[in-house]
Amino acid sequence: MNPQAWALVRHGETAWNRASRLQGRADIPLNDTGRTQALATAEALAEAGPWDLVVSSTLGRARETARIIAHRLGTGAVVEVPALVERDYGPAEGTDIAGLDERAKGELMEAGESAVSVVLRGTAALAGLAAAHAGKRLVVVSHGTLIRLVLSSLRGVDHPRVENGEVVELDAGLLLDFDEGLSTVR
């Protein structure tokens with residue numbers, strides 16, 4: 001991992017992940033597999049360290065993953081950022097999506113918060129962190145759809161699905177460019 005890069009981490013597995021249910025804002029806790037994934041992620045990040053700060057969504061599954069990681073990395077308390085929560089799937093939350101084709105899944109997901117809203121919310125939160133913690137190495141624990149949509153937008157290509165416990169490298173410089181773009185729109 002690039003020594004200047006941030007690590008975006010998807011939280012560990014939950015019972016709803018295992019059952020292929022849309023989770024969104026439902027605050028479903030980690031299961032034992034999720035905790036094992038968080039520990040493994042923490043070990044991998046320790047090898048790629050040092051890290052300055054661990055940041056998390058306010059949802060329990062991300063907070064627990066972040067606390068496990070922060071404990072292993074010795075970074076102190078986790079900073080919680082509400083804007084890093086998962087996409088709100090509205091009435092589709094809890095729906096079993098196993099066996100649905102991509103079109104059907106997309107329609108369910110669009111019943112709640114729009115993809116554009118997720119990108120703007122998530123990218124603005126990350127850009128704010130980049131401005132506040134310039135030159136620092138951050139681990140940011142969030143959610144699969146938010147990470148995928150934000151990375152797709154920043155990089156200009158569709159990012160693949162992010163697995164539970166997966167670490168994705170992010171150049172924080174991309175966020176500073178986004179923040180400058182926002183200031184001209186405001």
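Modeller: Before we start, a residue is called buried when its relative accessible area is under 20%, exposed when that area is over 50%, and partly exposed in between. Keep in mind too that this is a predicted model.

Biologist: Fine. Along strand β5, which side chains point to one face and are buried?

Modeller: β5 covers residues 167-170, and its side chains alternate between two faces. V167 and E169 point to one of these faces and are not buried. The buried ones, on the other face, are V168 and L170.

Biologist: And which strands are the edge strands of the sheet?

Modeller: Start with the order: the open sheet has five strands, arranged β3-β2-β4-β1-β5, and its pairing is mixed. An edge strand here pairs on one side only. That holds for β3, at 79-80, and for β5.

Biologist: In what sense do β1 and β5 pair?

Modeller: β1 takes in residues 6-10, and four bridges link it to β5. Across that pairing, V9 stands opposite V167, and A7 has E169 as its bridge partner. The sense of the β1-β5 pairing is antiparallel.

Biologist: What is the bridge partner of V9 in β4?

Modeller: β1 also pairs with β4, over four bridges and in the parallel sense. So far we have V9 opposite V167 on the β5 side. In β4, the partner of V9 is V141.

Biologist: Which residue of β4 does V55 stand opposite?

Modeller: V55 falls within β2, which spans 53-56. β2 and β4 run parallel and are joined by four bridges. The residue opposite V55 is V140.

Biologist: How many residues of β4 are buried?

Modeller: β4 runs over residues 138-142 and is mostly covered. L138, V140 and S142 point one way, while V139 and V141 point the other way, and all are buried. The count for β4 is five of five.

Biologist: Let's zoom out. What pattern does the chain follow along the sequence?

Modeller: The secondary structure comes to seven helices and five strands. From start to end, the pattern is β-α-α-β-α-β-α-α-β-α-β-α.

Biologist: What is the radius of gyration, and why is the chain called as compact as a globular protein of its length?

Modeller: For 186 residues, the globule rule gives 16 Å. The chain comes close to that, so it is as compact as a globular protein of that length, with a radius of gyration of 16 Å.

Biologist: What share of the contacts between residues at least 6 apart in sequence joins residues at least 24 apart?

Modeller: For the setting, 47% of the 186 residues count as buried, and the C-alpha trace spans about 45 × 40 × 25 Å along its principal axes. Among those contacts, the share joining residues at least 24 apart is 74%.

Biologist: How far apart in space are the C-alpha atoms of A127 and L176?

Modeller: A127 is in helix α5, residues 115-132, and is buried, with a relative accessible area of 0%. In sequence, A127 and L176 are 49 residues apart. In space, their C-alpha atoms are apart by 5.9 Å.

Biologist: What separation do the C-alpha atoms of G74 and H159 have?

Modeller: G74 is in the loop between α3 and β3, and its relative accessible area of 62% makes it exposed. G74 and H159 are 85 residues apart along the chain. Their C-alpha atoms are separated by 30 Å.

Biologist: Which residues does P29 touch, leaving out those up to four places away in sequence?

Modeller: P29 is in the loop between α1 and α2 and is exposed, at 53% relative accessible area. Its C-alpha is 9.9 Å from that of T65, which is 36 residues away in sequence. The residues P29 touches are T14 and A15.

Biologist: What phi does S20 have?

Modeller: Most residues other than glycine have a negative phi. S20 is in the loop between α1 and α2 and is partly exposed, with a relative accessible area of 28%. S20 is not a glycine, yet its phi is positive, at about 60°.

Biologist: Last one: is the peptide bond joining G49 and P50 cis or trans?

Modeller: P50 is in the loop between α2 and β2. Most peptide bonds are trans. The bond between G49 and P50 has an omega of about 10°, and it is cis.

Terms used: Residues are numbered from 1 along each chain as its sequence is written. This is a predicted model: local features need pLDDT of at least 70, side-chain atom pairs count only at pLDDT 80 or more; totals for chains, interfaces and linings use all residues. Side-chain values use heavy atoms; hydrogens and water are left out. The radius of gyration is taken over C-alpha atoms; the globule rule is 2.2 Å times the number of residues to the power 0.38. Buried means under 20% relative accessible area, exposed over 50%, partly exposed in between (1.4 Å probe, protein chains only). Contact means heavy atoms within 4.5 Å. Two strands pair if DSSP finds at least two bridges between them.
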